[in-house]
Amino acid sequence: MNNASQRRHIDTVLSYGGYQAANKSYSPTHELIGRSWQRCLSEYGLDPSRPRPARIVTHQTLREHQDSVDEFLNVARAGVEQLYSQIASLGYVLLLSDHRGIMVQFLGDKHDDRLHKAGLYLGADWSEQYAGTSAVGTCIKEGQALTCHRVDHFDSSHISLTCTAAPIKDPSGQLLAVLDISSLHSSRTPESQNFALHLIQLHARLIEDAYFLRRYRHSLVFKCDQSRELVQVNGQLLFALDEQGVILAANTAGRALLTQYQPISKEAITLPDLLECQWRDILSITYESKDGVRAFRVSGTQQMLYGVLIEPRKKSSSQLDVSQVISSQEESVSALDRLCADDPAMRQTISLAKRLRHRDVSLLILGETGTGKEVLAKAIHGTSHRADSPFMAVNCAAIPESLIESELFGYAPGTFTGGRAKGAKGLIQEANGGTLFLDEIGDMPLHLQSRLLRVLAEGQVLPLGASQPVDIDIRVLAATHCNLTQLIADGQFREDLYYRLNGATLKLPTLKARADKQYLIKLLLERINPAVRLRADAMSALLAYSWPGNIRQLVNTLTFAEAVCETGEITVHHLPDECTQHRSRSAIIPLSSVGQVIHTNPERPTVINGHCQLESAAVQQNDLLALLRHHRWNISAVAKQLGVSRPTVYRRMKKLEICLPKDV
Ligand SMILES: Nc1ncnc2c1ncn2[C@@H]1O[C@H](COP(=O)(O)OP(=O)(O)OP(=O)(O)O)[C@@H](O)[C@H]1O
């Protein structure tokens, strides 16, 4: 914006007396803009000839503002991110302000200095009192959605911006936050922003309603709409009710209806009064109406509304209510159920595990490192009829090859010089009556695979140096992150053992792919320290991160954050750098610039269970490379962060065809 335009704008504002006459062609929002200019000049004493730089509040102040809307930010996250995904490519940034005009959330390019300078940034103060007329500040004052387009702004330093904002109110009608989308540049015509205004109003309503439903999740909620067809998916009016049908709260559309309804002598308005019906007509909707919808007439009018009931979520048995699950003295949810909340892949796995837990068939658990293979194996054991017998876990990759045999099968007295004179029971025997968990089975040497096969086939183990086999009764659960089919094809794994182990396959998704990450984050943090709170900004960062080390890395990250946060509250600043820096995979160093990858062959996809995993391998390679480079190729540091041993890191590097740079 050049100086001449700014000077012209200052003149326009100064001669504001003629504002409405001079701007006849403006859209109706300009009544709001006019009132705002008036406030700026006469109430706040702002001087249009002295443009004000963007004011960004201190870190501490920002935290206080974020805290005050923490619960709301958690609920708003999905709506905010969905809106941003729709507008980012059009050059907009998204801002969420609290009711005082301080930006408590920002989605956009953090490194764009122009945004920072323009105040389109986290912590910026867009209150009308400070920044003059703007979409956010004026929306707060007027309680209405509006676009503040270019010269609508009071301050001449803002006249290249276009900003569109909508209010979000709490269930009592108080302003909670303002949702805003802004762009540094835009077409000159204000009409170009009409679509933005519709889009933002739609998302503000979605977020507001999500917050309403969250706040009243333990109450009966009546949802209604003028359309029978749309009410289930997009009911516009929400009413929270007590057991007698008294309206406890309503969303914005519901409150608008209530203001039209004037009861004569009632203190508390009931829904049956409002809809001229019996309380039982409402309570019986779900089971008496075929489509779960019933028609009602609004009292004293001809207006029809179609309503559905949303049942309260029970406080005690909800699996998603983590604090309930954890604090519950009675273990109402089995160890298997607790492994996940609402993730489709995990649900399938857990349901299969439940069906097979009492059978003695061997199970093969597949999943990347840290996805919880051992935890699942333990839960299967713990919920099976073998629960009171031992659970023995053997990590075939961690035991040196020379020791696996004696560790597993044991040895007879006098077999080894230096060994225990009396001999030793192997882990297979130790597990007798219980479960033997063979982790990293893909790393078991071939000759031991034959011996293991015999144990499984014959139910007997022959310790080293012994002449008599010992009867054993074990159930075997095996796990691997390897592609066993490929190992079989390469002659490194016995096909007959594979079939023996694979009574059924249980697959664990990567943490990144799980829809119930939030549940896991809360569950794990609760276990680490129930008194520590996770702030919404930290939760957002954790949800956005790609988690190459899966749940193990999440545990380590939360443990670290809990240790470094001193105030009993984890914010994004307490998270390790990689969680906040790698917001998306595309931000990870491009392979071509690394130079440590040898002959990555895109023509040779890995095949797991018949599906092409080429992309997944590339992603794993990217993630591991990023971590290695982040830790300057310090393998111990990478192993620590991933929560695996150094040999595991080396093995994974080998598998992903990554080698150490020469100068390390
Ligand atoms: N569902 C879960 N709930 C809580 N903690 C979990 C869950 N799944 C995994 N963990 C934790 O994550 C870490 C890794 O789990 P586990 O050892 O079972 O993974 P894994 O897949 O067997 O890893 P690897 O392949 O490296 O042996 C452990 O600290 C475990 O306690």
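This note walks through a predicted model, its confidence, two sheets and the shell around the ligand.

1. **Ground rules.** Residue numbers start from 1 along each chain, as its sequence is written. The model is predicted: local features need pLDDT of at least 70, side-chain atom pairs count only at pLDDT 80 or more, and totals for chains, interfaces and linings use all residues.

2. **Confidence.** The chain averages a pLDDT of 83 (the predictor's confidence in each residue, from 0 to 100). At least 70 is reached by 87% of the residues. Two stretches to read with care follow. Over residues 316–333 the pLDDT is below 50, and this stretch has 21 contacts beyond near neighbours in sequence. A contact here means two residues whose C-beta atoms, placed from the backbone, lie within 7 Å. Residues 583–615 also have pLDDT below 50, with 42 contacts beyond near neighbours in sequence. The model scores ipTM 0.97 and pTM 0.61.

3. **The antiparallel sheet.** Five strands form an open sheet in the order S2-S1-S5-S4-S3, and the pairing is antiparallel. Strands (E, at least two residues) and helices (H or I, at least four) are DSSP runs, numbered from the N terminus. Two strands pair if DSSP finds at least two bridges between them. S2 (103–107) and S3 (146–149) are the edge strands, each pairing on one side only. On average, neighbouring strands are turned by 20° against each other, direction ignored.

4. **Inside that sheet.** S1 (residues 93–98) and S5 (residues 175–183) run antiparallel and are joined by six bridges. Leu95 stands opposite Asp180 in S5. Helix H5 (residues 70–87) lies across S1, S2 and S5, at about 155° to S1. Axes are lines fitted to C-alpha atoms, for helices over the stretch in contact; angles run from 0 to 180 degrees between N-to-C directions.

5. **The parallel sheet.** The order is S12-S15-S18-S11-S19 in this open sheet of five strands, with parallel pairing. Its edge strands are S12 (391–395) and S19 (504–507). S11 (residues 363–366) runs parallel to S19, and four bridges join them. Leu363 has Ala504 as its bridge partner in S19.

6. **Around the ligand.** Which residues are closest to the ligand? They are Thr369, Gly372, Lys373, Glu374 and Arg552, out of 17 that surround the ligand. A residue counts as near if its C-beta atom, placed from the backbone, lies within 6 Å. Helix H17 (373–382) and helix H25 (550–564) are the elements that give two or more residues to this shell.

7. **Make-up of the shell.** The shell divides into seven nonpolar, six polar and four charged residues. Gly counts as polar in this scheme. Domain 3 (322–326 + 334–507) and domain 4 (538–655) each supply at least three residues to the shell. The domain bounds come from an automatic or database domain assignment.
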